[in-house]
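Me: I would like to learn how to read the features of a protein model, one at a time. Could you take me through them, giving the general idea before the particular case?

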Amino acid sequence: MQWFLHAPKQPLTTSLLIVPVFQSDRAPKLPKECATVAPVLEMLWRRKELSGKQGEMMLLPTSLEHIHRLLLVGLGALKTLTDRDLQNALGAAFKTAGSKPINDCAVVVPSVRTNPGALASMLGIAAHRALYHFKKYKTEKKDATQSKQKKEPDHVITSITLVGVEARKQKIFQRELETVEILAPFLSAQRDWGNMPANECTPEFLASRAMDRAKSIKNLSVTVFDKEQIKKHGMGGLYGVSRGATEHPRFIILEYWGRAKQYKPFVFVGKGITFDSGGISIKPSEKMHEMKFDMLGAAAVINAMSAIASLKLPVNVVGLTPCTENVPSGEAYKPGDILRAMNGSTMEILNTDAEGRVILSDALSFAHSYAPSAVVDLATLTGAALVVLGHEGTPMVSNNDAVAAMVEKAGQRTNDRLWRLPLWQEFKEAVKSEIADVRNSTDGFGGGTITGAAFLEHFVRPLPWAHLDIAGTAWYTSPKPWMITGATDMGVQLLVEVAKQWKAVKKQETVNKKQ
Ligand code: BES
Ligand code: MN
Ligand code: ZN
């Protein structure tokens, strides 16, 4: 995306001008350079056709030479406007603009209290989110008659002009928009991989994408374990889940050392089930096709690591993503099986559909080898996450208040709503097994999102850790005004923001403290 900051003295020329409108008792004020459209707005206001209430959207053709269309978008009252609502309202406007046969648009930057850097970033990400399309698998019509005609114009918005950014804020806007442009390809890759079918987005596909990133991004290193190495490292959970699949599993390790290695890294862990049929405990067929998105935790880790390294953040971070399919076959793992994770703990499998926690057991065990200062995992772990918060927020479970607060703060910055659930002792008891160390299903106990987390906690403790169950927020089953159905970019920007909170703590220091 090309961004322009409009110089006030120049006349504004655009195919479409987005004008955010607050709900108030006065007609909206416009910057001087769009004075020509003011009479229309005043008239609509007087006639009470325009009120500025949240969700309002009005597209008007004009007869003006420089501004071809007007798109009025209601923001509600300034007093109650949250950053998230503002970002989504702008997104809704960009999505509408994107449906028109135009390649450029302009937007009047609303005067809100949000600091200019955050506002620029919200705007930029809203635009990329709204204008994303997934057309990879649409075959272009190439019949004889068409090829002779001129190629249909490409109706994609490639340039956006921001109107009304004060001179003293322009530098900050520019810098933030540059950051957005670095982030944007990783946000759309995230959605592409989630939307791609499982016959193409395989563990080996994710591994090769990660390797490509290591080639193109300085200081990002990637190591991939194949099936044999997974077995050799004692990753019995990942190996066990992968047994039924013909597609081979991969364990992907991404490292970025933006500081000296003596400083403890953060470890990010992501669930990478490229297709979750449930395995022998097979899922109902009705919505099974959606389970191609069960790798979005892993994708978020790969994409966030890529972004962090591209942004050259002065931090140390490691990404770990166990990747496999979960499908039934004569060789598949079975209910009743007992698997041994990398840390030696045994897991009784009561339901092969609770596979996410089983593969994560090895990644969390492996995390200990880095002596990290915090572990954050992202996983489309439980359907129960959708019961708790629907698609509207992400349940978080943590064993450490400081890490939980850090992740929450990052969520506030990225407008991701995170909601912490408790990890009471009873939940930890519930995952204990009669015949093994833990069991992967706690049928009838309830609180599925928390018992899932309690299982993970068994492997990550005593490390400070937060778990985000993105089952509801990584994938939308119906469109939002600001983005299409399917994979979202949940987690990518969030993990970048978490990484920004990394602090230099020497590995040695804590070792000494423990003694
Ligand atoms: N990937 C699913 C969780 C899921 C379900 C995400 C629906 C999004 C929508 C996970 O592997 C799973 O199947 N979890 C089970 C766990 C249960 C068997 C303990 C679930 O939530 O039903
Ligand atoms: Mn499952
Ligand atoms: Zn799953």
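Me: Let me start with the overall layout: how many Å separate the centres of domain 1 and domain 2, taken over C-alpha atoms?

Reply: Please bear in mind throughout that this is a predicted model. The chain is divided into domain 1, made of residues 2-134 together with 155-164, and domain 2, which runs over 184-514. The centres of domain 1 and domain 2, taken over C-alpha atoms, are separated by 38 Å.

Me: How much area do domain 1 and domain 2 bury between them, and how much of it is on carbon and sulfur atoms?

Reply: As a general idea, the size of an interface is often expressed as the accessible area that is lost when the parts come together. Here domain 1 and domain 2 bury about 1,700 Å² between them, and 54% of that area lies on carbon and sulfur atoms. In domain 1, the residues that lose the most area to domain 2 are Arg84, Arg129 and Tyr132, which together make up 47% of what that side buries. Counted as contacts, 16 residues of domain 1 meet 20 residues of domain 2.

Me: Which polar and charged pairs should I look for between domain 1 and domain 2?

Reply: The count of salt bridges between domain 1 and domain 2 is one, and across their interface seven residue pairs are found in polar contact. On the side of domain 1 that touches domain 2, the elements giving two or more residues are helix H2 (83-98) and helix H3 (116-131), and H2 gives the most, with seven residues. The residues of that side divide into six nonpolar, six polar and four charged. As for a salt bridge to inspect, arginine 129 forms one with aspartate 489, with the closest N and O atoms 3.0 Å apart.

Me: Where in the chain are the two partners of the salt bridge between lysine 271 and aspartate 294?

Reply: The structure holds 17 salt bridges, and in one of them lysine 271 pairs with aspartate 294, the closest N and O atoms being 3.2 Å apart. Lysine 271 is in the loop between strand E9 (266-270) and strand E10 (272-276), whereas aspartate 294 is in the loop between E10 and helix H9 (296-310), so that the pair links distant parts of the chain, 23 residues apart.

Me: Which residues are the closest to ligand 1?

Reply: Ligand 1 is surrounded by 17 residues, of which Asp276, Lys283, Asp353, Glu355 and Gly383 are the closest. In the side chain of lysine 283, an N or O atom is 2.9 Å from an oxygen atom of ligand 1, while for the side chain of aspartate 353 the corresponding distance to a ligand oxygen atom is 2.8 Å. Leucine 381 takes part through its backbone, where an N or O atom lies 3.4 Å from a nitrogen atom of ligand 1.

Me: What is the omega of the peptide bond that joins arginine 461 and proline 462, and what is the phi of lysine 48?

Reply: In general, most peptide bonds are trans, and most residues other than glycine have a negative phi. The bond joining arginine 461 and proline 462 is cis, with omega about 10°, and proline 462 is found in the loop between helix H14 (448-460) and strand E18 (465-469). Lysine 48 has a positive phi, near 60°, and is found in the loop between helix H1 (38-46) and strand E3 (57-61).

Notes:
Residues are numbered from 1 along each chain as its sequence is written. Chains are lettered from A and ligands numbered from 1 in the order in which they are written. This is a predicted model: local features need pLDDT of at least 70, side-chain atom pairs count only at pLDDT 80 or more; totals for chains, interfaces and linings use all residues. Side-chain values use heavy atoms; hydrogens and water are left out. Domain bounds come from an automatic or database domain assignment. Contact means heavy atoms within 4.5 Å. Buried area is the accessible area (1.4 Å probe) that two parts lose on being put together, summed over both. A salt bridge is a side-chain nitrogen of Lys or Arg within 4 Å of a carboxyl oxygen of Asp or Glu. A polar contact is a pair of N or O atoms within 3.5 Å; within protein, one must be able to donate a hydrogen and the other to accept it, and residues adjacent in sequence count only if both atoms are side-chain atoms. Helices (H or I, at least four residues) and strands (E, at least two) are DSSP runs, numbered from the N terminus. Ala, Val, Leu, Ile, Met, Phe, Trp, Tyr, Cys and Pro count as nonpolar, Asp, Glu, Lys and Arg as charged, and the others, Gly among them, as polar. A residue is near a molecule or strand if one of its heavy atoms lies within 4 Å of it.
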